[in-house]
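User: Please examine the structure shown here and answer a series of questions on its packing and backbone geometry.

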Amino acid sequence: MIDKHLGRSGDLFEHFTHDASMIPSDFFPMWRRQFNSMGERVARHWYHEKMQGSDEQQLIIDRIRREGPLSTEAFDTKIEGEKRMWARPPHKQTLDYLWYAGVLTTSHREKFRKYYDLIENVIPSETLAIELGEQAQIDWLCQAAIERLGIASLSEIRKFWEAVSPRETKAWADNADLTTVEVQSRDGSWVEAFAEADIENKLELMTKPTSRLRIINPFDPLIRDRNRLKRSFGFDYTIEIFVPAAKRQWGYYVYPLLQNDRFVGRIELKADRKKSCLNVISFWKEPKVKWGDARFAALERELVQFAKFGGVETVSWHCDSI
């Protein structure tokens, strides 16, 4: 489904927000400063002097221009020296740098293998021709962040795209049509934040949250800012895929469970493709949350939908559900 809209269709491009993300191509004019800053950051802090120089970069660009999208398998440089975690051969370092800098972008994937193409082959020419000044890009990014967050601190606005500095965010807020509000945290305390000037009208128009129990992806925007999540919902969550197994509190890939306006539990799931089964590895209730028959029935319904979404047919519990 993603590949239909990625690459040469021109609908989406892939880059970094809080993680690798699919971004509407209409956002591209506001993303140029992100390409510049991330390219510099990667070159300075990640690869240092080990990254190939401009001549080698041009060779890769020329080859993609001649041959079309290429993956790392099309190149054969090797890692030099000690093989450490996250070590990359020279060609992979260069491909990554050119991707972060906005020279290359993702054409498509074959399973987990990324294929790189020139940005001008992915972004429509009329969009590529739009050039906005630095301040216009900052204004758009900050405004888009507060519109999506609703109520936020300056830090939360800045972190939403990870594309503006604290100083730039503060300067934008000083001139934007915002109002200062107080937000009550889950623990009852109050903190100052910002909202758009019409926040009271928006609050009046809000609908009640759905009673459907939902399995939330660990990278969902709702939970990406862990501090905001804990303050707003009292839910302390960290994905532990990079935590050594012996030090994990929960599990490798644990999904939060959301119902109404609170997180009610956590669940670790794994698909068995050969048996076409979604296995429930572990399940935890949140403290002070009652799990009666109705809530368990809601979870079972969501698991059936989740299995269907994942392309498997059945659900099997391998832990205690009580």
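**Contacts, cores and backbone geometry**

Analyst: In this predicted model, Leu12 touches His5, Leu6, Gly7, Met22, Ile23, Pro24, Ser25 and Val122, not counting residues up to four places away in sequence.

User: Is Leu12 buried or exposed, and what is its relative accessible area?

Analyst: Leu12 belongs to strand 1, which spans residues 12-16. The cut-off for a buried residue is under 20% relative accessible area. Leu12 is therefore buried, its relative accessible area being 16%.

User: What distance separates the C-alpha atoms of Leu12 and Phe28?

Analyst: Leu12 and Phe28 are 16 residues apart along the chain. The separation of their C-alpha atoms is 9.3 Å.

User: How are helix 7 and helix 8 oriented to each other?

Analyst: The axes of helix 7 (residues 154-161) and helix 8 (residues 166-175) come within 9 Å and cross at roughly 120 degrees. Angles of 65 to 115 degrees count as roughly perpendicular, and those over 145 as roughly antiparallel. The crossing angle falls in neither class, so the two helices are oblique to each other.

User: Which residues form the contact of helix 7 with helix 8, and how do they divide into nonpolar, polar and charged?

Analyst: Helix 7 contributes Leu154, Ile157 and Arg158, while helix 8 contributes Pro166, Thr169, Lys170, Trp172 and Ala173. By class, the residues of this contact are five nonpolar, one polar and two charged.

User: Which element gives the most residues to the largest nonpolar core?

Analyst: This core has 25 residues, of which Phe13, Trp31, Ile157, Trp161 and Trp172 touch the most other members. Two or more residues come from each of helix 6 (134-149), helix 7 and helix 8. The element giving the most, with seven residues, is helix 6.

User: Which residues of helix 6 or elsewhere is Trp161 in contact with, leaving aside neighbours within four places in sequence?

Analyst: Trp161 is one of the core members that touch the most others. Its contacts include Phe16, Thr17, Phe27, Trp31, Gln34, Trp140, Leu141, Ala144, Ala145, Arg148 and Arg224.

User: What is the phi of Asn260, and what is the phi of Ser276?

Analyst: Most residues other than glycine have a negative phi. Asn260, in the loop between strand 9 and strand 10, is not a glycine yet has a positive phi, as does Ser276, in the loop between strand 10 and strand 11. The values are about 55 degrees for Asn260 and about 50 degrees for Ser276.

User: Which of the words buried or partly exposed applies to Asn260, and which to Ser276?

Analyst: The relative accessibility of Asn260 is 35%, and the relative accessible area of Ser276 is 17%. With buried meaning under 20% and exposed over 50%, Asn260 is partly exposed and Ser276 is buried.

Conventions:
Residues numbered from 1 in each chain as written. Predicted model: local features only at pLDDT ≥ 70, side-chain atom pairs only at ≥ 80, totals over all residues. Heavy atoms only, no water. Axes fitted to C-alpha atoms, helices over the stretch in contact; angles between N-to-C directions. Helix = DSSP H or I, 4+ residues; strand = E, 2+ residues; numbered from the N terminus. Parallel < 35°, antiparallel > 145°, perpendicular 65-115°, else oblique. Contact = heavy atoms within 4.5 Å. Nonpolar A, V, L, I, M, F, W, Y, C, P; charged D, E, K, R; others polar. Core = buried A, V, L, I, M, F, W, Y, C linked by side-chain atoms within 4.5 Å. Buried < 20%, exposed > 50% of the residue type's maximum accessible area, 1.4 Å probe, protein only.
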